[in-house]
Structures are given as structure tokens and as C-alpha cells.
Amino acid sequence: MTVGLSSRSRPVPFGIHSLHMHICAPRSPTLRPNALPYPPHPEAYPGSLLVTDNVRVRFAPSPTGHLHIGGARTAIYNWAFARHHGGSFVLRIDDTDKERSTDENTQAILRAMRWLGLDWDEGPEVGGDRGPYYQTQRSENYAVALETLKANGHAYPCFCTAEQLEAQRETARTVGGFSGYDRTCRHIQSAEAQERIAAGEPHVWRVKVPDDRGDITIEDAIRGTVTWPIDAMDDFILARTDGTPTYMFATVVDDWQMGITHIIRGDDHLSNTPRQITVYEALEAPVPIFAHMSLIFGPDGKRLSKRHGATSVEAYRDEGILSEALLNYLALLGWSIDDKTTLFDRETLIREFDLSRVSKNPGIWDPEKLEWMNGVYIRDMAVDEFVDRMVPMLVNAGLAAPEIAEHSRDWLRALVPLLAERVRRMIPDEIVPKVRFLFVEFPEMDPASVDKVLAKEGAGTALDEAARLLEALADFSAGPIEEALRQVPEATGVKAKLAFQAVRVAVTGTMVSPPLFESLELLGKVGALARIEKARPLAAE
RNA sequence: GGCCCGUUCGUCUAGCGGCCUAGGACACCGCCCUCUCAAGGCGGAGGCACGGGUUCGAACCCCGUACGGGCUACCA
């Protein structure tokens, strides 16, 4: 059985308001069983995990803030699903909250999406033939859809005041059991309703949950069969007193008119699903396939929020996390390829992504693992990219002029391997302190290091011998340097550890540094010897 | 309160009735490598929430309980 959703089968023609462009129905509604028209049979939803011929998914962020980690993961799953199936990834801006939505936020979200490499096929800035892609520009569609429901008897006006409703809820809750709207206004005769509306009495419009509908069941692509008893369904509000649609209504109208086939979203929407299904059915729209992914929690088991630290994608970017690492980490938080793969690139994600491997339980945000993964990607980064990201940090720290990127490119490139495996985030704090000694005439001497190393007996002797041997080197590169310094312990009787550490402290100022021999090479013979000489007075004999 | 979802090492997960004396990764501990720090190699500790069923056999199926989460707005 297929769903006839050509415009002629719709109960109320949409074309009456010359809104055709905005409300064209899905062109080829080849949805599988989940898309049966109302009224469905309880058994009418099997096998909905099947993928439709033409996958269309959407990510619909609300520009009331930046793109956060949880939203990004939802976007990634939608994007990967679309790419995997060769479908379309639609970006829609749910900006109906006019108070809190801002254009800056929208821009920030688009920027973060691009940074993560999540390109959209339809949406802001790229357009598409199911637009507009901002909810605030789609209000006529909701109005028309509401007219449809008024006409086919699936919506009714409600004149109850907020106070009445509050009181109702109060008593319902103390009694226990159902706490939704008591349907008082559902029984008002339509003639009376018309009069009251005509008289200007404030009212909202509610959906009329059918009495004869069985329990609502979906085959969630992630959670499997989920059923809600019909008598727990609320006649929720479709349109507010001011005529604007509620989220629950607007989102269904949009998803329907945009031909969305699979709704992949956070499971905070799972409980909203049956409500939305009543709208799809009232609209005689095909019901898409749902996939509810679990949320990301903080370490305390609560939904991730600002309290847990940085939650915005761009904050992680600014803290030196690479987009490849964040994408990989986020994709893996709640999804897996197999029993061992943890590192994968974008192409692999697309090739392997499958909703059936999305886990049902919530994942806890683990910054430690993200950092580890970021380190892996840093080590894997192209040398020139590393250089290009490092130079501005050096410039900002006052250690180098921008021109260094050109005239000392090879020298900088040589520095990268020494640094990359010691860096977990691409930020100045991680990089500048480790290389500072290379960019100053003489390093600042760390008192603790001087005390623990140079003050030891034999340090001075080792330094003298090291200086002598290095002085004699014709080829001042890491190999010969190592050969030379290896002779120091034998020649002086100073223990190898101390000898090397003495040189390290003399040259870098501290006990911890990048590899010694390579560092000396980067410093050059003159600079290295000058440092040893300058530090010599600090050393014990 | 009602409805819904979830529960495998500290964390992310593999497992979809016998391949499991439960595998991998992060973190942790130890050893190795080693000029420090890293990186890397090797090894270790650590888990099926609990209780009943079903079955020859259960981490896997069913039912309870506990705990966590979501929804229950003229928010999204």
C-alpha cells in the first residue's frame, strides 16, 4: 500500500493561497510502512528500518546559542547518514524563538558546521527548492496547514485560560495519572465556537487526538519498537493565541513539506514523537522514519551543559582541537564501526555509518579521550600545516617575526617532528613554552633545574668536555652531535645521565625539553656553545 | 504522580543463546625503549545493576526491582 500524496488527494487544496512554492508536497513519497495513512493498524509499522529510495534528512538547530557538542553530534549523524545513502542533508534554522535567536548565532552555527566539514545540500546560503530554510520565513505554511486541520476536523479552538489550565494541571497531578489537557473545549459546539471566535475571544487551536485511534507505535531505527497508549495523548496546542505555531506543529509541517524521510534527533524528542505523529496523520502526511539517539551527559550523569565546561564546538576549536579529531570523537561517542576501530577519517565514517550501530545509552563526555585523539591527529598532521599554525603563536608571543614562515621554513619544518609528539592541543600554551629556548639569545634558567642538575658534582666538568667536543665538530647535526656527547661520560667519569642533563639545562634552561641532539642542531654551533659558556659559572665542578 | 527510554571495566564501546575463563580504546599501574618529557612496545588491575523466570545452556530472551534520563509549557 502506498501513500497517495499527490496534491489532488489532499483534503484541502493547498494551492488556494498561492503558496505553491513553499508547500509543495514531497515529490516521490516512497516511504516504507511507517508512512501509512491514518488510521493505521497497530501492526502497520513493521520493517520501517528499510531505507527509502531517496533519503532526505535535516538538522534544525535553534540559533539561540552556538553549535554545541550535542547538536554537532546530531548533525554529524544526519550528515553521515545522508552521505552514506547518497541522499540530501538539509539545514534548517529553527528561529521561531524570536527573543533569543540572533543572526550572530546563526552565523556561528554555519561557521562551526563548515569547520567540521558538514556540508549541507539545502539550507542557508546554498538554497534549495524546498525553502525557505528559516522557520520565521515559513509562517504562511503553518497557517495553511492549520486551515487544513480546521477544515478536516482535526483541530479545535480552546478558550481555556492559562489560569484554568494551571489549576487543572495542579489537581490532575495531585490525583495522579493523566496530567494533560482535560479536553473541555473539545465538546463545544462548532456554532458556539464560531461565535466566540467572531466575538474576539482569545483562543488557541488544539489537535484533536482521535478517539478511535489505537495505541501509537513506531519502529525507531535506533531503539526498535516503541509504543504509547493512546489515552495518554494530550490534545496539545498547535497554534498559540497570537496565531503562531508551536514547535511541535511547525516542525511537523516543515519536515513534511521538506520531504524529510528520516528524522534523526536526540532522544529528548522521543516522547514528542507520538504527538507529532498525530499531526502527520491529521495532515494525511507520510510519517517519516524516526531514529532517536541518546544525549551526551556530563561526568555527573546529567545532560551536558555549560556547567560542565566548554560545550560549544568553536570553543573546542579555539582550544586547539582539530576538526578531524572532534568529528572522529563525536562520531564514536554513541556509534561504532566494529569491536576495535577507534580512529577513522571522514570517508570511512560515511562508508561505514549505519543507524543500527548507534547505541541506545547515553554517552558521557570525556575530554581526556578527546585530547588523546587530538594528539593522534596532531602527530598525523602535515608538517607545513603544523608550521602554518605554529608561526602565528610564535609571532604573538613576541618570539619571531611573521617572515620567519618563509625565510626559515626548513628550519621550522625540522622543528615539527620534535614538537608534534609532545603536543595534545594546538594552542600557544602547549607549544610556545616548549620552543621558547630556540628563539631567545639565552634561555631563562629554571632555578630548580639548576639546583637539581648543574649544582651536582661533575656537571661543570661535563660541560667543559661537551663544549670542547662540540667545538671540534665540522658537521653540527644531530648524528655527529650525539656521537660527540656520548664520549663525555667516558672522558670525564661523569655519569651519562648527569652529563646529558647538564648540557640540556645549560642549553634549554630546564630539565625537560625536546630531544637534546636535535635541539642543539637547531640552535647551531655558535648558539649552543655560547649557552654552555654562559651557564658554566652556575655549574659545580 | 503519569507515560516513555536506558543500564557490559572509572569512561566510550564489542557482544545480537553455546565462539565469552566477556574483546578493543581512553584513563590508571608496572616493565621495556631511552639524553629529559613525550611517543611507541609489552604486561597488569578493572565490568555483564539486582532478583526471578524461559532454556540442555543467558551479558544476550521474558517479568519484576533499583538506579539514571526524557517528556508531561500558549520553550524549542
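How far is a sugar or linking oxygen of RNA strand B from an N or O atom in the side chain of glutamine 501? In this model, which is predicted, the distance between that oxygen of RNA strand B and the side-chain atom of glutamine 501 is 3.4 Å. Aspartate 268 also approaches a sugar or linking oxygen of RNA strand B, but with a backbone N or O atom, and the distance there is 3.2 Å. At serine 513 the partner on RNA strand B is a base nitrogen, which lies 2.6 Å from a backbone N or O atom of the residue.

These contacts belong to a wider surface, for there are 67 residues around RNA strand B, and those that come nearest are Arg240, Lys302, Glu421, Arg422 and Arg504. Sorted by character, the residues of this surface comprise 25 charged, 22 nonpolar and 20 polar ones. On the side of the RNA, sugar or phosphate accounts for 73% of the strand B atoms that lie within 4 Å of the protein, while the bases supply the rest. Several elements of the protein each contribute at least two residues to the surface near RNA strand B, and among them are strand E6 (224-228), helix H7 (247-257), helix H12 (367-379) and helix H20 (496-508).

From helix H7 the reader can turn to a residue that touches part of that region, arginine 92, which is found in the loop between strand E2 (88-91) and helix H3 (103-115). Is arginine 92 buried or exposed? Its relative accessibility is 0%, and therefore arginine 92 counts as buried. The side chain of arginine 92 makes a polar contact of 2.9 Å with the side chain of aspartate 255, and another, of 3.1 Å, with the side chain of aspartate 94. Leaving aside residues up to four places away in sequence, arginine 92 touches a set of residues that includes Arg58, Phe59, Tyr133, Gln135, Thr251, Asp254 and Met258.

Another enclosed part of the structure is helix H10 (residues 323-332), which is largely enclosed by the rest of the structure because nine of its ten residues are buried. Among the buried residues of H10 are Leu326, Leu327, Asn328, Tyr329 and Leu330. After H10 comes glycine 334, which has a positive phi near 110 degrees.

The next stop is an open sheet of three strands, in which the order is E3-E4-E7 and the pairing is antiparallel. Strand E3 (155-158) and strand E7 (237-239) form the edges, since each of them pairs on one side only. On average, and with direction ignored, neighbouring strands of this sheet are turned by 45 degrees against each other. Strand E4 (residues 204-207) is joined to E7 over two bridges in the antiparallel sense, and arginine 206 stands opposite isoleucine 237 of E7.

The walk ends with some details of the backbone. Most residues other than glycine have a negative phi, and most peptide bonds are trans. Arginine 183, in the loop between helix H5 (162-175) and helix H6 (190-198), has a positive phi, near 65 degrees. Glutamate 284 likewise has a positive phi, of about 55 degrees, without being a glycine, and its place is in the loop between helix H8 (273-282) and strand E9 (289-293). With a relative accessible area of 40%, glutamate 284 is partly exposed. The peptide bond that leads from glycine 131 to proline 132 is cis, its omega being near 0 degrees, and proline 132 sits in the loop between H3 and helix H4 (139-151).

Notes: Residues numbered from 1 in each chain as written. Chains lettered and ligands numbered in written order. Predicted model: local features only at pLDDT ≥ 70, side-chain atom pairs only at ≥ 80, totals over all residues. Heavy atoms only, no water. Near = heavy atom within 4 Å. Polar contact = N/O pair within 3.5 Å; in protein donor to acceptor, adjacent residues only side chain to side chain. Helix = DSSP H or I, 4+ residues; strand = E, 2+ residues; numbered from the N terminus. Nonpolar A, V, L, I, M, F, W, Y, C, P; charged D, E, K, R; others polar. Pairing = 2+ DSSP bridges. Axes fitted to C-alpha atoms, helices over the stretch in contact; angles between N-to-C directions. Buried < 20%, exposed > 50% of the residue type's maximum accessible area, 1.4 Å probe, protein only. Contact = heavy atoms within 4.5 Å.
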